[in-house]
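Have the sequence and the model side by side. This report goes through selected residues, a helix, the cores and a pocket.

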Amino acid sequence: MSDEIVIRPFCDADAPDVQALFVEINRSLATPGLEESFEGYIERSLKEEISRIPEYYAERDGSFWVADCNDEIVGMFGLESHGDSGVELRRMYVKPSWQRRGIARRLIQHAEKHSRESGVGQLLLSTSELQEAALSLYRNAGYRTVREEVAENASNKTIGGGIRRYHFVKDL
């Protein structure tokens, strides 16, 4: 079998693997003292978003994509409408055993291409200070920081807890 990675739209059969990847990544990010906050974030995000991907992204005029290698989900991302001419890149994760192989770079390139072809003028995203590799990837891919904040309140987009968040944008 080849190790060709195919980036394709999410389908219902992907749900268990996407949920497992989401949980694995977020548990790995939990710093000492914030484990309980991360578990609350995981629970909230599973309920509000990750366990209902088709509905969640349809409600936001968006889409969700997976990176598939031989029927194994090795990465994922979502696109959510943001304003009149932008989309927000969400949930971009690569399975830890597949990291450092250029998959994240391919995912972001795919998100940009899809967005451009859909007539979108800007791609926005945010990530936390806990994700140093993501921060480096986005900066190297031409995203510029437009805002920093310390997230105090939890939502399905952040655990809160005083974690610094960086917001980026790239004109397409």
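In which helix does Ser-37 lie? Ser-37 is in helix α2, residues 35-48. Helices (DSSP H or I runs of at least four residues) and strands (E runs of at least two) are numbered from the N terminus.

This is a predicted model, in which local features need pLDDT of at least 70, side-chain atom pairs count only at pLDDT 80 or more, and totals for chains, interfaces and linings use all residues. Residues are numbered from 1 along each chain as its sequence is written, and side-chain values use heavy atoms, with hydrogens and water left out.

Ser-37 counts as partly exposed because its relative accessibility is 31%. Buried means under 20% relative accessible area, exposed means over 50%, and partly exposed is in between (1.4 Å probe, protein chains only). Ser-37 also has a partner far along the chain: Ile-159 is 122 residues away in sequence, yet the two C-alpha atoms are separated by 6.3 Å.

**Positive phi in two loops**

Most residues other than glycine have a negative phi. Asp-71 and Arg-100 are listed below with their positive values.

| Residue | Phi | Loop | Relative accessibility |
|---|---|---|---|
| Asp-71 | near 65 degrees | between β2 (63-69) and β3 (72-82) | 69%, exposed |
| Arg-100 | near 70 degrees | between β4 (86-94) and α4 (103-117) | 83%, exposed |

**Helix α1**

Helix α1 covers residues 15-29, 15 residues in total. From first C-alpha to last, α1 reaches 21 Å, close to the expected 21 Å. That expected span is 1.5 Å times one less than the number of residues. Several α1 residues are buried, including Val-18, Leu-21, Phe-22, Ile-25 and Leu-29. An α-helix has 3.6 residues a turn, so residues three or four places apart point the same way. The buried residues of α1 pack against α2, α3 (53-59), β2, β3 and β4.

**Nonpolar cores**

A nonpolar core is a set of buried Ala, Val, Leu, Ile, Met, Phe, Trp, Tyr and Cys residues joined through side-chain atoms within 4.5 Å. The largest one has 27 residues. Among its members with the most contacts inside it are Phe-77, Leu-79, Ile-103 and Tyr-138. Elements giving two or more residues to this core include β1 (5-9), β5 (122-128), α5 (132-140) and β7 (163-171). Another core lies apart from it, with 23 residues, among them Ile-42, Met-76, Tyr-93 and Ile-163.

Which residues does Ile-103 contact, leaving aside neighbours within four places in sequence? They are Ile-5, Ala-67, Val-74, Val-94 and Trp-98. Contact means heavy atoms within 4.5 Å.

**Ser-63**

Ser-63 is in strand β2. Ser-63 counts as buried because its relative accessibility is 18%. Its side chain makes a polar contact of 2.9 Å with that of Trp-65. A polar contact is a pair of N or O atoms within 3.5 Å; within protein, one must be able to donate a hydrogen and the other to accept it, and residues adjacent in sequence count only if both atoms are side-chain atoms. Not counting residues up to four places away in sequence, Ser-63 touches Tyr-57, Phe-77, Gly-78, Leu-79 and His-114.
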